[in-house]
Amino acid sequence: MYWEKPGIENTTKTIELALSTAQERRIEHIIVASSTGETAVQLAEKLNNFVCVTYVNGFFEPGQSTMLNVNRKVLEQRGIKILSTTHVLSGAERGISRKFQGSNPVEIMAAALRMLGQGVKVCTEIAIMALDAGLIPYGQEVIAIAGTGKGADTAVIVKPAHAANVLDTYISEIICKPKTK
């Protein structure tokens with residue numbers, strides 16, 4: 001499924017497609033990217049067992065989380081696992097490249113994934129992050145949901161590898177994504 005344009009207006013349908021694909025393929029683990037928690041709360045209305053990956057604390061402002069407290073409380077009350085950690089496809093390397101005005105292999109990999117869309121890059125990244133945190137099992141396909149800016153507009157089936165073996169990650173199917181940037 002290809003959306004005409006990226007954005008929050010695709011969130012409901014992206015979640016529906018991800019959930020129906022999970023059921024059809026018997027994929028047990030779903031990961032969703034959610035900066036403020038809005039997308040995760042929307043998913044939690046339909047599913048009570050998934051991983052929500054949000055920005056690392058301090059991503060925009062030192063010491064601050066982007067997830068709204070009200071959304072965090074809703075997710076925690078429903079038993080949703082919330083992961084806030086350094087982005088695997090940037091993190092410390094981004095800080096080094098900013099300081100020394102260059103690029104590094106991980107940032108180049110992220111840029112290559114963005115050629116398929118920002119959501120595909122984020123889906124890949126959050127699946128690896130959830131695996132590294134021990135929140136999903138190793139060696140299984142999962143469904144990852146992410147977006148371009150706000151909301152969700154991309155869902156993929158991916159078998160993540162640990163960050164130490166990032167190039168062993170395999171995206172087996174793109175369930176949906178925008179046709180344009």
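This report covers the fold, the sheet and the surface of a predicted model.

Residues are numbered from 1 along each chain as its sequence is written. In this predicted model, local features need pLDDT of at least 70, side-chain atom pairs count only at pLDDT 80 or more, totals for chains, interfaces and linings use all residues, and side-chain values use heavy atoms, with hydrogens and water left out.

**Fold.** The protein holds six helices and seven strands. These are DSSP runs numbered from the N terminus: helices are H or I with at least four residues, strands E with at least two. From the N terminus the order is β-α-β-α-β-α-β-α-α-α-β-β-β. The radius of gyration is 15 Å, close to the 16 Å from the globule rule for 181 residues, so the protein is as compact as a globular protein of that length. The radius is taken over C-alpha atoms; the rule is 2.2 Å times the number of residues to the power 0.38.

**Sheet.** The seven strands form an open sheet with mixed pairing, ordered β1-β7-β6-β5-β2-β3-β4. Its edge strands, β1 (2–3) and β4 (81–84), each pair on one side only. Pairing requires at least two DSSP bridges between strands. β1 runs parallel to β7 (residues 170–178), over two bridges. W3 stands opposite P178 in β7.

**Whole-protein values.** Buried means under 20% relative accessible area (1.4 Å probe, protein chains only). Contact means heavy atoms within 4.5 Å. Accessible areas come from the Shrake-Rupley method with a 1.4 Å probe.

| Property | Value |
|---|---|
| Buried residues | 45% of the 181 residues |
| Contacts 24 or more positions apart | 61% of those with a separation of 6 or more |
| Exposed area | about 9,600 Å² |
| Carbon and sulfur share of exposed area | 51% |

Key. Buried < 20%, exposed > 50% of the residue type's maximum accessible area, 1.4 Å probe, protein only.
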